[in-house]
Amino acid sequence: MTEVQEFQIGQMVNVKSVCTNKHHRVPFYLKGKIGKVTEYLGLVENPESAAYSKYNLDVYPLYRVCFKQTSLWGGEQNGEIYADLAGKWLFEVEV
Amino acid sequence: MPTEHSHGHPTDPDIDAHALSEGQILEMALRELLIEKGVVTQPELNEQMNRTASQSASFGASVIARAWKDEEFKRILLNNPKAAITDLGYDVSQMPDLVIVENKSQIHNVVVCTLCSCYPRYMLGPPPEWYRSAAYRARIVRDPREVLLEFGLKLPPDIKIRVYDSTADLRYMVMPLCPQGAESMPIDKLAALVTRDSMIGVGTPRLL
Amino acid sequence: MRDDRKSMIEPQSGGRLAHDLGGFLEHLLCHGIDVSISKEETLKQPYEERTDALLLLLSAAGRGLLNVHAMRRASEQFNHEDYLKLSYYDRWLRAMVALCIEEGIFSEEEWLVKRQQVKRQSEAIQRRKSD
């Protein structure tokens, strides 16, 4: 797993549309959606492994991503949602 | 509380003439087992409950009020909240990381945790029941303007609403706008205007 | 604890687990949940306050017993119906018990014996009270 910053501020990213019954911190409503990276939050404890053993101490890069309400459920123009998501759940979008 | 069946037996505060609920049984069994195993002690539990009882939104409010009065403090607070709070003389080193998002005249922020119920307890005290409810968690990300209206907060359509979903281990709280006309008030009076709900983002401070 | 959550993804939920609530209004409605937000704040029951303290103590940084991620994982192992039906603290109690057994803090047998014992004690007190 990569442990360096992969995405740049301002970059458009797509959230992987993967469903898993393992512990992960990506809400269903953001999966498959496109947002913009607004901040790199550094390396944080990886909950996907830490949830299964206290001896799993790896980290993953975390990003703040902004989603337009309109791109999620056709919500209003003037609304945004921010979520903090791991790089491993994101991939680059060609704009 | 005396009941018609009370004959002066020494009783656990939870136990009255009704059967214990499943939750009460689970809690009592878990607590007794953890204490027997030496995992936790009764004094530790008492201490934890005291800590919780001592946490309230008035702490968050005092920090926000200070930021309203002191531009330099506000800059540091927004940039590195824990460092700014440490500078005030509080030890928050064991607390989760904190992000404070600032309301602007055209941007209103509101906080939720759709996956569990993450909440900045050390700033705001224990979360209200509605914050943990399925209804709030399901709806605030989808219809924020409507939900805020239910809280009595009517935002003009040109105000942008930003919802922060606390999906990682960062806790979010809102720095509301200082009400117009209150700027010259002393810090303690200002702090009294800053409600818990205004720091979650479902309210705004108002002049009393 | 077996990770048997595969069975907990219900077909109509489209692969979403029960705790993952953002945006899913229809889902609440079809489980008969009132989607209006009740702002009423009742005092916690004493057992809820103690549960809260146990939760914070067990997941406290540095204790190394049950980390917050494992706690969350355990709290996500409910089917949709149970998740919505159980109260916040009742979910956490079940999650803590499951995790303690998984971590070997106590065995499942010890747990069942203790729970039975508490149940019998409370029944005995009730009987005394209604004499």
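Tutor: Before we start, contact means heavy atoms within 4.5 Å. This is a predicted model, where local features need pLDDT of at least 70 and side-chain atom pairs count only at pLDDT 80 or more, while totals for chains, interfaces and linings use all residues. Residues are numbered from 1 along each chain as its sequence is written, chains are lettered from A in the order in which they are written, and side-chain values use heavy atoms, without hydrogens and water.

Student: What distance should helix α1 of chain B span?

Tutor: Helices here are DSSP runs (H or I, at least four residues), numbered from the N terminus. The expected span is 1.5 Å times one less than the number of residues. For the 15 residues of α1(B), residues 22–36, the end C-alpha atoms sit 21 Å apart, which agrees because the expected span is 21 Å.

Student: How many residues of α1(B) are buried?

Tutor: Buried means under 20% relative accessible area (1.4 Å probe, protein chains only). Gly23(B), Ile25(B) and Leu34(B) are among the buried ones. The helix is mostly covered, and of its 15 residues the buried count is eleven.

Student: Which helices do those buried residues pack against?

Tutor: In chain B, the partner is α2 (42–54). From chain C come α2 (46–59), α5 (88–102) and α6 (108–130).

Student: And how many residues of α2(C) are buried?

Tutor: Tyr47(C), Arg50(C) and Leu58(C) are among the buried ones. They and the other buried residues of α2(C) pack against elements including α1 of chain B. α2(C) is mostly covered, and of its 14 residues the buried count is ten.

Technical notes. Helices (H or I, at least four residues) and strands (E, at least two) are DSSP runs, numbered from the N terminus. Buried means under 20% relative accessible area, exposed over 50%, partly exposed in between (1.4 Å probe, protein chains only).
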